[in-house]
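Subject: Structure handover

Hello,

Here is the structure I promised to pass on. Please open it and keep it beside this email as you read.

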Amino acid sequence: MSVEYAMLLDRIKAAVIDAVILIASMYAMSELLELFEYVPNAIRILFAVFIFVLYEPLFVSQFGGTIGHSYSGLMVKRDNLLCGNINFFMALIRFIFKAFLGWISLLTVTSNNKKKAIHDFLANSVVVVKKR
């Protein structure tokens with residue numbers, strides 16, 4: 001079975017698409033909450049955490065990638081089992097390190113055969129191109 005690993009530019013494209021989706025979601029949430037007279041700060045924080053922190057781990061663990069990944073023709077899979085998604089806990093670890101390291105995490109993509117970023121090494125994941 002031939003596997004095509006995601007190129008750096010495809011991963012960046014997916015990240016930019018996801019950033020636009022997150023910004024639009026935050027704006028939509030803000031507009032929605034403005035319709036109510038009083039919304040406790042705890043509710044606002046809960047919505048923001050859900051959108052920002054859980055978006056990527058939920059989509060990666062349940063669907064094998066975010067909307068940006070899907071639009072870019074990419075999937076996030078377990079490194080040792082390409083037909084399976086990583087679990088939620090590993091997707092959350094992957095996201096936390098990806099967010100903490102930022103673009104630095106992508107520096108290793110061009111230096112290994114599977115084109116794994118630092119956060120992929122930590123989560124035992126790999127980003128592959130969808131078969132057409």
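Below is what I found, going from the whole protein to single residues.

**Overall picture**

First, a caution: this is a predicted model. The mean pLDDT of the protein is 92, and 98% of its residues reach 70 or more. Among the elements, α3 has the highest mean pLDDT (97) and α2 the lowest (92). Keep one general rule in mind: where pLDDT is low, the coordinates should not be read in detail.

The protein has five helices and two strands. Starting at the N terminus, the order is α-α-α-β-α-α-β. The C-alpha atoms fill a box of roughly 55 × 25 × 25 Å along the principal axes. There are 132 residues, and 34% of them count as buried. The accessible surface comes to about 8,200 Å². Carbon and sulfur atoms hold 69% of that surface.

Now the contacts. Take those with a separation of 6 or more: residues 24 or more positions apart account for 66% of them.

**Helix α1**

Start with α1, which covers residues 8-34. This helix has 27 residues. From its first C-alpha to its last it reaches 39 Å, close to the 39 Å expected at 1.5 Å a residue.

Which residues of α1 are buried? They are R11, A14, D18, L22, M29 and L33. These buried residues pack against three helices and a strand in the run α2 (41-63), α3 (67-71), β1 (74-78) and α4 (88-101). They also pack against α5 (118-123) and β2 (125-129).

**Helix α2**

Next comes α2, with 23 residues. Its reach from first C-alpha to last is 31 Å, close to the 33 Å expected at 1.5 Å a residue. Look for the bend: α2 turns by about 55 degrees at L54. A proline, P57, follows within four residues.

The buried residues here are I51, Y55, E56, P57, V60 and S61. What covers them includes α1, α3, β1 and α4. After the helix comes G64, with a positive phi near 80 degrees.

**Nonpolar cores**

The largest nonpolar core has nine residues. They are A6, A14, V60, L74, V76, I86, A91, V127 and V129. Strands β1 and β2 each supply at least two residues of this core. A second, separate core has six residues, including L33, V39, I51 and Y55.

A14 is a good residue to click on. Not counting residues up to four places away in sequence, A14 touches G68, H69, S72 and L74.

**T66 and S70**

T66 sits in the loop between α2 and α3. Is T66 buried or exposed? T66 has a relative accessible area of 1%, so this residue counts as buried. Leave aside its neighbours within four places in sequence, and T66 is in contact with D18, Y55, E56, F59 and V60. One of these partners, D18, is 48 residues away along the chain. Yet the C-alpha atoms of T66 and D18 are separated by 7.3 Å.

S70 is in helix α3. Its relative accessible area is 40%, so S70 is partly exposed. Try a distance here too. S70 and N41 are 29 residues apart along the chain, and their C-alpha atoms are separated by 33 Å.

**Two positive phi values**

Some background helps with the last point. Most residues other than glycine have a negative phi. Which way do K115 and N124 go? Both have a positive phi, near 55 degrees, and neither is glycine.

K115 lies in the loop between α4 and α5. With a relative accessible area of 23%, K115 is partly exposed. N124 lies in the loop between α5 and β2. N124 has 35% relative accessibility, so this residue also counts as partly exposed.

**Where to look**

For a quick tour, find the bend at L54 in α2. Then go to T66 and its contact with D18. Finish at N124, between α5 and β2.

Best wishes

Terms used:
Residues numbered from 1 in each chain as written. Predicted model: local features only at pLDDT ≥ 70, side-chain atom pairs only at ≥ 80, totals over all residues. Heavy atoms only, no water. Expected span 1.5 Å × (residues − 1). Buried < 20%, exposed > 50% of the residue type's maximum accessible area, 1.4 Å probe, protein only. Contact = heavy atoms within 4.5 Å. Bend = angle between axes of the 7 residues up to and from the residue. pLDDT = per-residue confidence, 0-100. Areas by Shrake-Rupley, 256 points an atom, 1.4 Å probe, with all protein chains shown as cover. Core = buried A, V, L, I, M, F, W, Y, C linked by side-chain atoms within 4.5 Å.
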